[in-house]
Amino acid sequence: MTNQWKVMLLIAFFGLVLGQEESQSTINHKKAMGFYNEGEKLYKAGKYKEAEKMYSKCIFTDSSIDACYNSRYLTRINLQKLDSALGDLKTVVERNPSARGYMQLGNLDMKLGKCKDASALFKKSLKEFPSANKERSEE
C-alpha cells in the first residue's frame, strides 16, 4: 500500500469519527431543546420545581444553550432560591453582557444584602453601556 493510500484511509477514518461526534452533538442539542421546551410549558403552568428540573436537564445535556440558564434563573427567583438564581444569571451575563443583565445582577445582589457588589455592577452597567442606560433614564 502506498503512502498516498494510507493518507487517504486516515482522512476517511477521521472524517467518519468527526462526523459521528457532530451527529452526537446534534442529538444532544435536540434532546436538550426538548427538556427546555418542556421546562417552558411547566414554567407557564406555574410548576416551578418541575420546570427547574427540566432546565437543569437541558443544561446537563447541552450547556451551550443560554436560554436554559436564563429560564432557570427566572424559575429559581420564583422558588426563592436566590443564591442559585445568582449563579445562573452570572452565567447569562458572562456569555452575553448587557446593561439589563448587569442591572438584574445588581438588583439580585441587593436582595441578597450584597450592597457593595450591587453598586459595582450598577457602575459597570453605566460605564460599559452608557447609551442603554441613558435611554432607560429618559423613559
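**Figure 1. Contacts across the whole protein.** Among the contacts in the protein with a separation of 6 or more, 43% are between residues 24 or more positions apart. Keep in mind as you look around that this is a predicted model. The protein has seven helices and zero strands, so reading from the N terminus gives the pattern α-α-α-α-α-α-α. Of its 139 residues, 29% are buried. The accessible surface comes to about 9,500 Å², and carbon and sulfur atoms account for 56% of that area.

**Figure 2. A disulfide between Cys58 and Cys68.** How many disulfides does the structure hold? There is one, and Cys58 and Cys68 form it, with their sulfur atoms 2.0 Å apart. The torsion about their S-S bond is about 60°, so this disulfide is right-handed. The pair links distant parts of the chain, ten residues apart: Cys58 sits in helix 2, while Cys68 sits in helix 3, which spans residues 66-78. Are these two cysteines buried or exposed? Both Cys58 and Cys68 are buried.

**Figure 3. The surroundings of Cys58.** Let's stay with one half of the disulfide and look at its neighbours. Leaving aside residues up to four places away in sequence, Cys58 touches Ala32, Phe35, Tyr36, Ile65 and its disulfide partner Cys68.

**Figure 4. The largest nonpolar core.** Now for a wider view: this core has 24 residues. Which of them touch the most other members? They are Cys58, Cys68, Tyr73, Ile77, Leu89, Leu105 and Leu108, so both cysteines of the disulfide appear in this group. The elements that give two or more residues to the core are helix 1 (3-44), helix 2, helix 3, helix 4 (82-95) and helix 5 (99-111). Helix 4 provides the largest share, six residues.

**Figure 5. Lys57, next to Cys58 in the chain.** Lys57 belongs to helix 2, which covers residues 48-61. Why does Lys57 count as partly exposed? Its relative accessibility is 40%, and partly exposed is the class between under 20% for buried and over 50% for exposed. From C-alpha to C-alpha, Lys57 and Met33 are 9.8 Å apart in space, although 24 residues separate them in sequence.

**Figure 6. Another cysteine, Cys115.** Finally, take a look at Cys115. With a relative accessibility of 46%, Cys115 counts as partly exposed, whereas Cys58 and Cys68 are both buried.

Note on methods
Residues are numbered from 1 along each chain as its sequence is written. This is a predicted model: local features need pLDDT of at least 70, side-chain atom pairs count only at pLDDT 80 or more; totals for chains, interfaces and linings use all residues. Side-chain values use heavy atoms; hydrogens and water are left out. Helices (H or I, at least four residues) and strands (E, at least two) are DSSP runs, numbered from the N terminus. Buried means under 20% relative accessible area, exposed over 50%, partly exposed in between (1.4 Å probe, protein chains only). A disulfide is a pair of cysteine sulfur atoms within 2.5 Å. A nonpolar core is a set of buried Ala, Val, Leu, Ile, Met, Phe, Trp, Tyr and Cys residues joined through side-chain atoms within 4.5 Å. Contact means heavy atoms within 4.5 Å. Accessible areas come from the Shrake-Rupley method with a 1.4 Å probe; for residues, only the protein chains shown count as cover.
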